[in-house]
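Here is a colleague's note on the model you asked about, set out as numbered points that can be read against the coordinates.

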Number of protein chains: 4
Amino acid sequence: MSFIKRKLHQEDDLGFGNRPMGKDQRMMNANGSSNIKRIGLPFFRSSDTYNWLISMSWGKFLTVIVIAWLIVNILFAFVYVGVGIENLKGTDGVTPRDHFFDAFFFSAQTISTVGYGHISPSGFITSCIAAFESMLGLLAFALATGLLYGRFSRPNAKILYSKNMVVAPYKNTTALMFRLANFRNSQLIEIAVQLVFTYNEMVRGQKVRRFMPLELERSKIGLLSLSWTVVHPINEDSPLFGKTKEELMDAEVELIVLLQAFDDTFSQTVHSRASYLDESIIYDAKFAPVFYHDDNGLTTIDLSKLSEIEMVTSAQI
Amino acid sequence: MSFIKRKLHQEDDLGFGNRPMGKDQRMMNANGSSNIKRIGLPFFRSSDTYNWLISMSWGKFLTVIVIAWLIVNILFAFVYVGVGIENLKGTDGVTPRDHFFDAFFFSAQTISTVGYGHISPSGFITSCIAAFESMLGLLAFALATGLLYGRFSRPNAKILYSKNMVVAPYKNTTALMFRLANFRNSQLIEIAVQLVFTYNEMVRGQKVRRFMPLELERSKIGLLSLSWTVVHPINEDSPLFGKTKEELMDAEVELIVLLQAFDDTFSQTVHSRASYLDESIIYDAKFAPVFYHDDNGLTTIDLSKLSEIEMVTSAQI
Amino acid sequence: MSFIKRKLHQEDDLGFGNRPMGKDQRMMNANGSSNIKRIGLPFFRSSDTYNWLISMSWGKFLTVIVIAWLIVNILFAFVYVGVGIENLKGTDGVTPRDHFFDAFFFSAQTISTVGYGHISPSGFITSCIAAFESMLGLLAFALATGLLYGRFSRPNAKILYSKNMVVAPYKNTTALMFRLANFRNSQLIEIAVQLVFTYNEMVRGQKVRRFMPLELERSKIGLLSLSWTVVHPINEDSPLFGKTKEELMDAEVELIVLLQAFDDTFSQTVHSRASYLDESIIYDAKFAPVFYHDDNGLTTIDLSKLSEIEMVTSAQI
Amino acid sequence: MSFIKRKLHQEDDLGFGNRPMGKDQRMMNANGSSNIKRIGLPFFRSSDTYNWLISMSWGKFLTVIVIAWLIVNILFAFVYVGVGIENLKGTDGVTPRDHFFDAFFFSAQTISTVGYGHISPSGFITSCIAAFESMLGLLAFALATGLLYGRFSRPNAKILYSKNMVVAPYKNTTALMFRLANFRNSQLIEIAVQLVFTYNEMVRGQKVRRFMPLELERSKIGLLSLSWTVVHPINEDSPLFGKTKEELMDAEVELIVLLQAFDDTFSQTVHSRASYLDESIIYDAKFAPVFYHDDNGLTTIDLSKLSEIEMVTSAQI
């Protein structure tokens with residue numbers, strides 16, 4: 001069964017190979033992240049630590065920092081107690097528990113370089129450890145500084161995509177459409193979109209995965225100030241021409257969106273991806289208006305309505 | 001009424017859609033920022049906080065930092081007083097007000113890690129809070145470090161645009177011109193300019209907004225050392241050919257400038273935008289000279305004269 | 001002896017000139033780094049210090065920091081002792097060795113700004129030195145902050161390349177193949193590869209080095225989620241067509257891989273290089289599968305098997 | 001007098017306008033920096049402070065920081081003395097001069113957050129000032145951190161250019177050549193060079209400046225591992241064809257080099273410029289070899305010889 005007549009170019013492949021997709025599988029998660037498991041790598045790769053610390057959620061990141069801070073202070077507390085709590089002048093605890101907490105708080109005051117001084121180190125070894133710890137503290141917080149800033153300032157696109165694709169009447173035919181907008185207040189410039197149609201095909205009795213870019217009515221806009229409805233006209237050249245939703249679902253269709261833009265706040269190119277499964281395509285629907293002129297004549301866009309659709313009768317086609 | 005004969009390409013649209021503009025409206029503010037209101041988004045978006053903190057004015061930014069610092073210290077002061085002011089050794093206040101300020105100053109000394117030590121924490125809970133506060137202080141100032149640097153070092157173009165556009169004699173016809181220069185001392189390389197003409201048009205009884213790029217005499221220069229007068233010759237292919245200022249104003253004309261350059265200080269691509277309304281076009285004028293050789297033969301550019309114009313008689317055209 | 005019939009374009013040169021390569025030489029190290037010795041430059045170039053500190057190993061980098069910290073503290077300790085240890089109030093050492101360590105620990109507490117205060121400066125000169133040292137300490141740790149972050153966040157590609165190239169049956173002929181994958185968990189977008197074939201050739205009795213790009217079955221993929229087997233079909237246009245391994249080794253063949261990609265974590269373009277010598281080409285072999293569907297139907301890639309090959313019989317060609 | 005027959009394209013202009021150059025003038029300094037004086041701008045532009053602080057020499061930069069630190073501490077010292085030196089507990093000076101230095105050192109200990117505590121603030125106003133100063137200190141050093149790092153890590157090219165251009169025999173004609181190499185140890189990738197020929201021409205009795213790009217034998221190389229001799233063959237299409245050095249000097253010739261490359265350490269595009277005056281062109285000379293194989297067969301490049309030339313007899317041309 002050849003789903004599409006047109007000759008496929010090898011370049012249409014996205015780098016996924018030609019493994020077929022099963023019923024419950026998708027090539028890419030809906031938010032564009034990879035759903036491929038990677039094994040066979042060393043557990044710790046210093047070159048990936050940054051990636052990991054930068055990509056995790058804020059809550060998780062702060063937890064990692066607080067736990068690391070606790071562990072380091074606990075370790076140093078044990079060292080100070082081991083070397084002799086009497087070398088920490090100003091402490092007056094009597095039980096081992098008191099000693100530990102005196103050492104712990106001294107460590108915390110040293111590592112943050114707050115150094116009140118009501119507890120102070122004496123003796124050669126304790127002084128050395130404290131000096132080393134204050135240096136370590138500065139370097140550790142230096143790293144935390146960089147990471148916090150790196151997380152905060154990382155140039156990446158936050159694009160809102162409509163939950164569904166629709167197939168709506170368009171000129172003399174129909175068109176496949178989805179809608180997107182910038183979640184951030186930053187200015188996106190020169191936004192370019194590619195829409196890739198992927199499906200299973202039987203080749204000599206074996207299922208293989210095929211890729212095919214879909215022609216867009218326009219694939220680039222100058223500024224993304226409002227929302228953008230990306231339109232693929234379903235004309236005779238389209239692989240969707242004459243196909244029913246059932247046929248698409250049989251072929252395990254997945255539509256992949258690749259977006260590139262220039263972010264004016266960061267002065268850098270950013271990318272975004274999204275994926276739509278066949279089941280998220282709604283026929284005979286169109287997107288509801290998302291912007292209007294408010295009472296002062298100011299153009300207003302309501303991003304909460306980005307995914308809102310209205311049903312249309314397809315009679316006129 | 002068709003304002004322009006030429007067939008418009010869909011690509012000429014800038015991403016604004018085809019809503020017509022009213023008398024007092026403009027598509028883009030004169031300085032190129034967006035004048036579209038965005039609603040329907042969650043109030044707090046962590047991904048936009050950076051954008052917000054980076055884009056606000058310096059005065060506002062420093063105010064935000066000082067207020068945040070005050071609030072945090074006030075909160076911690078209440079906590080220290082609540083836990084028991086007697087745990088802050090070295091304080092000698094007697095009234096609740098004294099206690100609060102002792103705690104406030106202790107907090108300020110802890111969060112900045114200055115930690116003089118004339119006030120010092122004692123007792124488990126107070127020591128814990130102080131240790132936690134010093135860690136928090138380091139992280140908070142880490143973030144401030146990053147933001148200050150990010151604001152300071154943000155690669156963006158500061159382009160001075162002439163206040164008006166002029167229509168001046170040019171070769172055998174006239175030309176629409178505006179002038180620009182680099183406000184910064186940095187070197188701008190490979191500066192490219194696009195000029196887009198937007199206007200209202202009646203289509204089947206309905207006003208729609210049209211976009212059309214204007215041909216420039218040259219659209220790219222290698223280095224922006226001096227000023228650059230961007231020239232659109234008003235020949236037969238120009239939508240401005242034979243149009244009076246009144247006709248332009250009837251069509252709610254707005255001219256949008258999109259500039260891209262490579263900034264040599266930041267080694268990054270930067271963008272700038274500007275917008276001219278029909279009313280800012282001056283006919284039969286030309287720009288006054290802006291550079292001259294000084295007494296030492298050094299080429300000198302006087303940027304305060306960038307918008308200066310001289311009237312010309314248009315008789316010779 | 002002309003190894004190749006095709007006319008060479010000057011542009012095929014990689015910037016190495018046309019010096020021939022000897023038996024034990026390679027143009028580029030296997031990991032893509034340069035193996036050219038550079039002399040005649042000033043010993044210290046501030047513009048290269050960053051490069052040096054950023055590129056060294058983590059262990060070496062931390063050693064440099066600790067040693068610099070020790071040296072600075074030792075110098076300041078001598079200064080404090082020289083100016084008069086009696087100006088450091090709170091010290092109680094009696095021997096010169098005690099004095100030195102008191103001064104050393106005071107210096108360490110000052111440079112890290114921990115400043116416990118059990119030792120404090122008095123007298124004009126000592127106070128000046130301590131004030132200056134604390135300022136210096138902040139600046140030095142500022143630099144360390146930047147370097148730590150710069151090392152950590154440096155956008156560069158970590159590409160795993162298969163240890164060998166193979167020559168395997170491919171369609172109606174054979175093909176030269178190597179395999180690569182992303183070592184990092186980051187997303188690589190728009191990966192482009194060039195493969196350059198370099199060899200010695202006799203020109204008028206003199207050996208010169210030649211460069212020739214090899215045609216790839218595909219030279220660009222959209223996403224590097226899995227591994228990528230780069231394929232150069234050995235057809236009649238290929239310089240490898242009909243050549244035996246011995247002939248390649250006689251011509252001192254080296255194959256250079258130039259890779260470019262966009263890293264989604266850093267939002268920046270990254271490059272990677274690799275080099276294969278003639279001796280690392282294995283004939284009649286193909287790469288073993290590296291990904292499979294696990295029990296949950298999840299696509300899994302085992303990167304430890306990237307270089308694994310299987311022998312094939314070349315009979316069918 | 002028309003120096004060149006060929007029709008000039010407007011695009012050949014580099015953005016300098018068409019002012020003629022006098023005898024002692026050059027369009028661009030030899031190191032590629034601008035030699036245009038800019039006036040008419042506000043004295044202080046916050047957007048240019050970064051540019052200024054990043055571009056100045058290291059010595060000047062450190063002086064600026066130390067002086068700023070001194071000024072701030074002196075101001076705060078006066079404030080502390082003005083508010084009442086008795087509020088700084090732990091000071092024991094008796095003369096106004098003693099008071100000032102006690103206050104100065106307290107300020108220095110506060111702004112650097114070292115806070116020994118042998119001097120500590122008391123009283124509401126002094127405590128407030130000290131708290132504010134410690135916050136200010138952190139922010140100021142935060143900025144210094146960013147600047148130090150920004151200076152250190154700024155991606156820019158350091159290209160060594162040969163002092164002179166030579167005109168040497170080349171194939172069946174002669175060629176204009178200059179040589180360049182990377183001063184840094186970083187890898188430069190995809191280096192592209194443009195060479196622009198600028199000269200004065202009489203147009204209707206008036207001198208104007210003309211620009212013309214020169215054809216290069218090759219204008220792009222893949223890697224700049226060694227030196228690169230950029231070659232413009234002086235054939236019939238060249239504006240230099242048949243011209244004597246005197247004719248070039250009459251026309252006030254200046255040759256401008258524009259270089260672009262990708263720096264692998266920074267993963268960013270970098271630019272470099274250079275300018276050669278007519279008087280720096282040496283006829284009948286060629287560049288001396290700059291690399292050789294050392295005793296271990298390692299290719300070695302001696303960058304101190306980059307500008308070294310050897311005279312050749314031009315008889316054979």
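The points below take up the contact between two of the chains and then a helix pair inside a third.

1. Please keep in mind throughout that this is a predicted model. In the contact between chain C and chain A, 50 residues of chain C meet 50 residues of chain A.

2. On the chain C side of that contact, at least two residues each come from helix H2 (58-84), helix H3 (96-111), helix H4 (124-153), strand E9 (220-223) and strand E16 (299-302), and H4(C) is the element that gives the most, with 7 residues. Sorted by class, the side of chain C that touches chain A comprises 23 nonpolar, 19 polar and 8 charged residues.

3. Strand pairing also links these two chains, since strand E1 (residues 37-39) of chain A runs parallel to E16(C) and pairs with that strand over 3 bridges. Within E16(C), C:Asp302 is the bridge partner of A:Ile39.

4. In chain B, the axes of helix H2 (residues 58-84) and helix H4 (residues 124-153) come within 12 Å and cross at roughly 175°. Because angles over 145 degrees count as roughly antiparallel, H2(B) is roughly antiparallel to H4(B).

5. As for the residues that bring these helices together, H2(B) contributes B:Phe61, B:Ile65, B:Phe76, B:Val79, B:Tyr80 and B:Val83, while H4(B) contributes B:Ile125, B:Thr126, B:Ile129, B:Glu133, B:Ala144 and B:Arg151. The residues of this contact between H2(B) and H4(B) divide into 9 nonpolar, 1 polar and 2 charged.

Notes:
Residues are numbered from 1 along each chain as its sequence is written. Chains are lettered from A and ligands numbered from 1 in the order in which they are written. This is a predicted model: local features need pLDDT of at least 70, side-chain atom pairs count only at pLDDT 80 or more; totals for chains, interfaces and linings use all residues. Two residues are in contact if their C-beta atoms, placed from the backbone, lie within 7 Å. Helices (H or I, at least four residues) and strands (E, at least two) are DSSP runs, numbered from the N terminus. Ala, Val, Leu, Ile, Met, Phe, Trp, Tyr, Cys and Pro count as nonpolar, Asp, Glu, Lys and Arg as charged, and the others, Gly among them, as polar. Two strands pair if DSSP finds at least two bridges between them. Axes are lines fitted to C-alpha atoms, for helices over the stretch in contact, and angles run from 0 to 180 degrees between N-to-C directions. Angles under 35 degrees count as roughly parallel, over 145 as roughly antiparallel, 65 to 115 as roughly perpendicular and the rest as oblique.
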